[in-house]
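Please open the structure in a viewer and keep the selection tool at hand. The tour below proceeds stop by stop, saying what to select and what is to be found there.

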Amino acid sequence: MSAETAEVVVTGIGVVSPIGTGKEEFWRSLREGISNFKEVTLFDTSLIEKSGSSEGPLNRIVAGEITEFDASEFLGKKGLRTMDRSTRLLCVAALLALQDASLQITEEKSDRTGVSVGATYGSLHSISQFDRSAILEGPRFVNPSLFPNTVINSPASHVSIRFNIRGFNTTISTGFCAGLDAIGYAADFIKMRRADVVLAGGVEELCEETLMGFHALGMLAPQNGGTPLFFPFDSRRQGFILSEGAALMVLEERDHAQKRGVTPLSIIAGYSNAISYSLEESLMVSIQAALEMSGMGTEDIDYIASGANSTKETDLIETRVIKRVFGKDAYRVPVSAVKSILGETYSASGAFAVAAVTGALQWGFIPPTLNYNVRDPECDLDYVPHRAREQSIQNALIISTDPYGNASSVVMKRP
Amino acid sequence: MRRVVITGLGVVTSIGTGWQEFWQSLLEGRSGISRVTSIDTSDYPTHLGGEVKGLRADDFLPEEILSRYCRATQLALVAVIKAIEDASLRLVSPVAITYGITTGPVQVIETINDKYVRSETPYENPHLFYQLPPNTTVSAISEMLNIQGPTLILSTACAAGNYAIGWGFDLIRLGRVDLAICCASDAFSRISFTGFNQFRAVAPERCQPFDRNRKGMMVAEGAGAIVLEEMERAIDRRARIYGEVIGYGLSCDASHMTLPSVEGVVSCMRKALKEAGIGPEDVDYISAHGTGTPANDRTESEAIKRVFGERYRSIPVSSIKSMIGHTMGAASLLEAITCALVVKNDIIPPTINFETPDPECDIDCVPNKPRKKRVNVALNNSYAFGGNNASVVIKKWALP
């Protein structure tokens, strides 16, 4: 198998996010460090606000909601009626990615094209609504046309249906790491020649169920009267702001892109993931394996896009492992938290990181870590606070960790 | 090219825990369908399902561990324990863990919804939410076995088990690991029971795949686990080898969320055969997706005719869903286990409840009685919502 010689490149990006639709707008927001967190309007958050340790006045919940999102502007009205929010977000991202890659999925290409999507709670709202309708109205009064939305692979499958992609269709639900895992899986499929092109990325929608889930686990930043305590790597950090969106990359083999006359935006040079009894161990193993696959050493890495999300543990663990793997180099390499600008998009976050790093490689900048002010003695790396750094980079490492013990890494290169 | 063999099997179903009991039941044509007790079915048009009754998970795991996990995870843990035991394996990391699901911790979602509709704030129960992501299961497996390695959770609905086997197979062939634990589970789900009933897709009395009077599927639960091992390693340690995985194929219908497509299924089987380096003439047995719904069985029969041409009637095609119902994410994994046992033992389990032939399904469905036949190659088909298809090819193993 020529799997280890093939080179997988990114030739198109489609993003729908609170900080921009389309790669240019998304990259600009990252470069300018402009976040977009607002009070939630999609659903009533009062149940959540009333629960837990609500000392003092009730706070409206702030999140990274994509406001005024109208999928029909992109997709037309046909077929949208039974599509849930995740599906709409993902289908729009797919359209943008295909346009960006100047790719038409013709009948001949269809069998050689695949879809690989990270999503874990993407269908949770649809599942819950369906179930609650059965409880409240009785099982015989549930709308059967909503049943297909209750499988987690529904958004990815809709992408295949809408864009006629028949090669394969995979959904991966490894939580915070799912976006990176979906991209690694896709790259493997291209290397093994199972597909020429894969649309790979992730999606999560903002919904009451996901919000309440992270709230119950104490992972959301306290709302603090509308300015949540959200500061990745900062010693005051207490949790994340939940966000939403979809990011899909067009991945293909370098020769395939060349034959189409398309210039690669970035290269997926290595990737790996691991689970173990210790999250630190998992992350270490995954970084080392990803570096090894890319043929690089820590000295080659110019930038680390961390999955830091302002929770006590994640930011600390990622910092610690960077120090263990990079040794003295750890203090040389800029490390930043894209999530400080975008918020926590959970299973989409790794896909957004790949989109962000592609922008960093293309435009020559390092996205900043916003709101970083108070130093945590244990988190003492160069976090690129407040402002993006204009700097040309060749190679970047993306990392992602999940509290359940799995971690993923991707190494990217400038083409 | 590294070769991948199956060296351990673990099963939790309505007709048996552990492969020996399961296999015995399959050959006897025993049905595991019974009256549903985990939910109140009085408002539903049908009342039967394939629940796993009398499983004493605490025979396998201490109560303090069990109480941390929902039913889907518990079922998976028991299947994995049985598979590791069966492989008589000393685990040395890295070991891949791949896990297939449809909804995963569905019981948790349902409990949260029960509280929600009563306007109780379910949020004050972090334990419940802790179990919500399906990572809970792989995390529990990694912790229980104290292993480290690559992992994926494949949530490709009713084909998830085959996807999980496929990725484990890839990792061993690519040389990233020598061992993979591929498992899949789903618990009996009110959501599935509601949805399939609203689709008029649930059989009121029995599941009769390929029968002219078939009335639908049976919603069920279960778990399966397979230990995949690099062949040389398995030979060196004199492992019992059930069979060899020689390839798999994936395809997507890209046409409809729920209606199966002949073209999609044909493409999936052809890809699997191509990757396995064999032709249609080499296949001796097909484990059908065979849900027992009118549309599925008709589509699948038609697809088999297209792929196998004139030979189609000479290939036995059976559906164990006639006995255990549709175990959702676990289904194709349990069927892969069945294929491994078929190539090992040269006996084919029947499709039970078969009475009236259907001219549209005139394949040989091995009606009602098991059949002795030499089976060198078995093809395991699975199709899912979203048009996600996956077929795995399992071959009789012989010393190279």
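## Where the two chains meet

Begin by colouring the chains separately: in this predicted model, 62 residues of chain B are in contact with 65 residues of chain A. On chain B, the elements that each supply at least two residues to the side touching chain A are α4, α5 (126-130), α6 (135-145), β6 (151-154), α7 (160-173), α8 (190-198), β9 (243-252) and α10 (262-276). By class, that side of chain B holds 28 nonpolar, 27 polar and seven charged residues. For the model, the scores are ipTM 0.97 and pTM 0.97.

## Helix α6 of chain A against two helices of chain B

Next, select residues 124-137 of chain A, which form helix α6, together with residues 106-117 of chain B, which form helix α4. The two axes come within 10 Å and cross at roughly 55°. The helices α6(A) and α4(B) are therefore oblique to each other. The crossing in which α6(A) passes α4(B) is right-handed.

Show the side chains at this crossing. From α6(A) select A:I127, A:S128, A:D131, A:R132, A:I135 and A:L136, which meet B:I109, B:E110, B:N113, B:D114, B:Y116 and B:V117 of α4(B). Six nonpolar, two polar and four charged residues make up the contact of α6(A) with α4(B).

Keep α6(A) selected and add α8(B). How do the axes of α6(A) and α8(B) cross? They come within 10 Å, at an angle of roughly 75°. The helices α6(A) and α8(B) are therefore roughly perpendicular to each other. Here A:I127, A:F130, A:D131 and A:A134 of α6(A) meet B:R190, B:I191 and B:T194 of α8(B). The residues of this contact divide into four nonpolar, one polar and two charged. A:I127 and A:D131 thus appear in the contact with α4(B) and again in the contact with α8(B).

## The two domains of chain A

Now hide chain B and colour chain A by domain: domain 1 covers 2-260 and domain 2 covers 267-413. Their C-alpha centres lie 20 Å apart. The contact takes 63 residues from domain 1 of chain A and 58 residues from domain 2 of chain A.

To see the domain 1 side of this contact, select β1 (8-17), α1 (23-32), α8 (178-191), β7 (197-204) and β8 (245-253) of chain A, the elements that give two or more residues to it. Which element gives the most to this side of domain 1 of chain A? It is α8(A), with eight residues. The side of domain 1 of chain A that touches domain 2 has 36 nonpolar, 18 polar and nine charged residues.

## The two domains of chain B

Return to chain B, where the domain assignment gives domain 1 (4-236) and domain 2 (247-395). The C-alpha centres of these two domains of chain B lie 20 Å apart. In this chain, 58 residues of domain 1 are in contact with 56 residues of domain 2.

Select β1 (4-13), α1 (19-28), α7, β7 (179-186) and β8 (222-230) of chain B, the elements that give two or more residues to the side of domain 1 that touches domain 2. The most comes from α7(B), with eight residues. By class, this side of domain 1 of chain B has 31 nonpolar, 20 polar and seven charged residues.

Stay on α7(B) and add helix α13 of chain B, residues 331-345. The axes of α7(B) and α13(B) come within 5 Å and cross at roughly 65°. B:G161, B:N162, B:A164 and B:I165 of α7(B) meet B:A331, B:S332, B:L333 and B:A336 of α13(B). This contact has five nonpolar, three polar and no charged residues.

## Two backbone details

In chain B, select B:S93 and B:P94, which are joined by a cis peptide bond with omega about 0°. B:P94 is in the loop between α3 (71-86) and β5 (95-100) of chain B.

In chain A, select A:E68, a residue other than glycine with a positive phi, near 55°. A:E68 lies in the loop between β4 (62-63) and α3 (72-75) of chain A.

## Confidence along the chains

Finally, colour by pLDDT. Chain B averages 96, and 99% of its residues score at least 70. In chain A the mean pLDDT is 95, and 97% of the residues reach 70 or more. Over residues 53-57 of chain A the pLDDT is below 50, and this stretch has one contact in the model beyond near neighbours in sequence. Where pLDDT is low, the predicted coordinates should not be read in detail.

Methods
Residues are numbered from 1 along each chain as its sequence is written. Chains are lettered from A and ligands numbered from 1 in the order in which they are written. This is a predicted model: local features need pLDDT of at least 70, side-chain atom pairs count only at pLDDT 80 or more; totals for chains, interfaces and linings use all residues. pLDDT is the predictor's confidence in each residue, from 0 to 100. Axes are lines fitted to C-alpha atoms, for helices over the stretch in contact, and angles run from 0 to 180 degrees between N-to-C directions. Helices (H or I, at least four residues) and strands (E, at least two) are DSSP runs, numbered from the N terminus. Angles under 35 degrees count as roughly parallel, over 145 as roughly antiparallel, 65 to 115 as roughly perpendicular and the rest as oblique. A crossing is left-handed if the near helix is turned anticlockwise from the far one by less than a right angle, and right-handed if clockwise. Two residues are in contact if their C-beta atoms, placed from the backbone, lie within 7 Å. Ala, Val, Leu, Ile, Met, Phe, Trp, Tyr, Cys and Pro count as nonpolar, Asp, Glu, Lys and Arg as charged, and the others, Gly among them, as polar. Domain bounds come from an automatic or database domain assignment.
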